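Okay, hi everyone, I'll keep this short. Have a look at the model on the screen while I talk.

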Amino acid sequence: MKAEVKRLGSYRCELTVNGHQMILDQAPERGGDGEGANPLAHLAGALGVCKLMVAHAYCQRRGIELESAEATVEVLEVGPESKPEEVFDCQVYIRAQMSDDERVRFERALKTCHIGRIIEEPHEVRQTLHFD
């Protein structure tokens, strides 16, 4: 997977991944034009989507009808005001017929969400800067 990003002006950027394009921006109160969600909002959205994709895969493999699935992710700032940390509060709402034991296994499966693991565990970010 490769993401390509091009600055279009001010904070506004175009993100292209696998032929799909999105506009990211900052809110006007942060100096942007508000023409798209900011990167942190996309990360929060990616976490919710990842949880629902894991839910779908889990139910599909086990022959469980997933009647509905929704997620909300709120990014909270906790800690001292001088150096707050972000906490991703992810609420997942599932409608499916499962036994109590199956629900425990299902909850365990949701914790395998790749985006959640990236957020929770330190990962290396390699950066190479090129000047023209």
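I'll go through the pockets, then the core and its ring pair, and finish with a few single residues.

One thing up front: this is a predicted model. So keep that in the back of your mind for everything I say.

Let's do pockets. The largest pocket holds about 800 Å³ of space. Its lining is made up of 20 residues, and Ala 3, Leu 15, Val 17, His 42 and Ala 46 are the ones nearest the centre. If you want to find the walls on screen, the elements giving two or more residues to that lining are β1 (3-9), β2 (12-17), β3 (20-24), α1 and α3 (114-120). Which element gives the most to the lining of this largest pocket? That's α1, with seven residues. As for chemistry, the lining of the largest pocket splits into 17 nonpolar residues, two polar and one charged.

Now the second largest pocket, with about 290 Å³ of space. Here 14 residues do the lining, and closest to the centre you'll find Leu 47, Lys 51, Phe 88, Cys 90 and Glu 120. Two or more residues each come from α1, β5 (85-96), α2 and α3. The make-up of this second lining is seven nonpolar, two polar and five charged residues. So, if you're thinking about charges, put the two linings side by side: one charged residue for the largest pocket, five for the second largest.

While we're around α1, let me point out Leu 43, which sits in that helix. Leu 43 comes out as partly exposed, at 33% relative accessibility. Leaving out anything within four places in sequence, Leu 43 is in contact with Phe 88, Ile 115 and Ile 119. Take Ile 119: in sequence Leu 43 and Ile 119 are 76 residues apart, but C-alpha to C-alpha they're 9.1 Å apart in space.

Right, the core. The largest nonpolar core has 15 residues, and the ones with the most contacts inside it are Tyr 58, Cys 59, Ile 64, Met 98 and Phe 106. At least two residues each come from α1, β5 and α2. And α1 is again the top contributor, giving seven residues to this core.

Let me pick two of those five. Ile 64 touches Tyr 58, Cys 59, Ala 96, Gln 97, Met 98 and Glu 102, again not counting residues up to four places away in sequence. Then there's Met 98, in the loop between β5 and α2. Is Met 98 buried or exposed? Buried, with a relative accessible area of 13%; the cut-off for buried is under 20%. Beyond its neighbours within four places in sequence, Met 98 is in contact with Cys 59, Ile 64, Arg 103 and Phe 106. Met 98 and Glu 65 are 33 residues apart in sequence, with 9.4 Å between their C-alphas.

Now for the rings. How many aromatic pairs does the count come to? One. The partners are Tyr 58 and Phe 106, with ring centres 5.3 Å apart and planes at 80°, so that's an edge-to-face pair; the angle has to be over 60 degrees for that label. Tyr 58 belongs to helix α1 (residues 39-62) and Phe 106 to helix α2 (residues 100-110), so the pair ties together parts that are 48 residues apart in sequence. Both Tyr 58 and Phe 106 are buried.

Last bit: backbone and loops. Most residues other than glycine have a negative phi. Here are two with a positive one. Ser 10 has phi near 50°, and it's in the loop between β1 and β2. Ser 10 is partly exposed, at 39% relative accessible area. Then Asn 18, also not a glycine, has a positive phi of about 50°. You'll find Asn 18 in the loop between β2 and β3, and it's exposed, at 62%.

One more loop residue: Ala 27, between β3 and α1. Ala 27 is partly exposed, with 25% relative accessibility. Apart from residues up to four places away in sequence, Ala 27 touches Gly 32 and Gly 34. And from Ala 27 to Glu 120 it's 26 Å, C-alpha to C-alpha, with their positions 93 residues apart in sequence.

That's it from me, happy to take questions.

Notes: Residues are numbered from 1 along each chain as its sequence is written. This is a predicted model: local features need pLDDT of at least 70, side-chain atom pairs count only at pLDDT 80 or more; totals for chains, interfaces and linings use all residues. Side-chain values use heavy atoms; hydrogens and water are left out. Rings of Phe, Tyr and Trp (its six-membered ring) pair if their centres lie within 6.5 Å; planes under 30 degrees apart count as stacked, over 60 as edge-to-face and the rest as tilted. Helices (H or I, at least four residues) and strands (E, at least two) are DSSP runs, numbered from the N terminus. Buried means under 20% relative accessible area, exposed over 50%, partly exposed in between (1.4 Å probe, protein chains only). On a 1 Å grid over the protein atoms alone, a cavity is a set of points where a 1.4 Å probe fits but cannot get out, and a pocket is an open set with protein on both sides within 12 Å along at least five of seven lines; lining residues have an atom within 4 Å of a point. Grid points are joined across faces, edges and corners, and a volume is the space filled by probe spheres set on the points. Ala, Val, Leu, Ile, Met, Phe, Trp, Tyr, Cys and Pro count as nonpolar, Asp, Glu, Lys and Arg as charged, and the others, Gly among them, as polar. A nonpolar core is a set of buried Ala, Val, Leu, Ile, Met, Phe, Trp, Tyr and Cys residues joined through side-chain atoms within 4.5 Å. Contact means heavy atoms within 4.5 Å.
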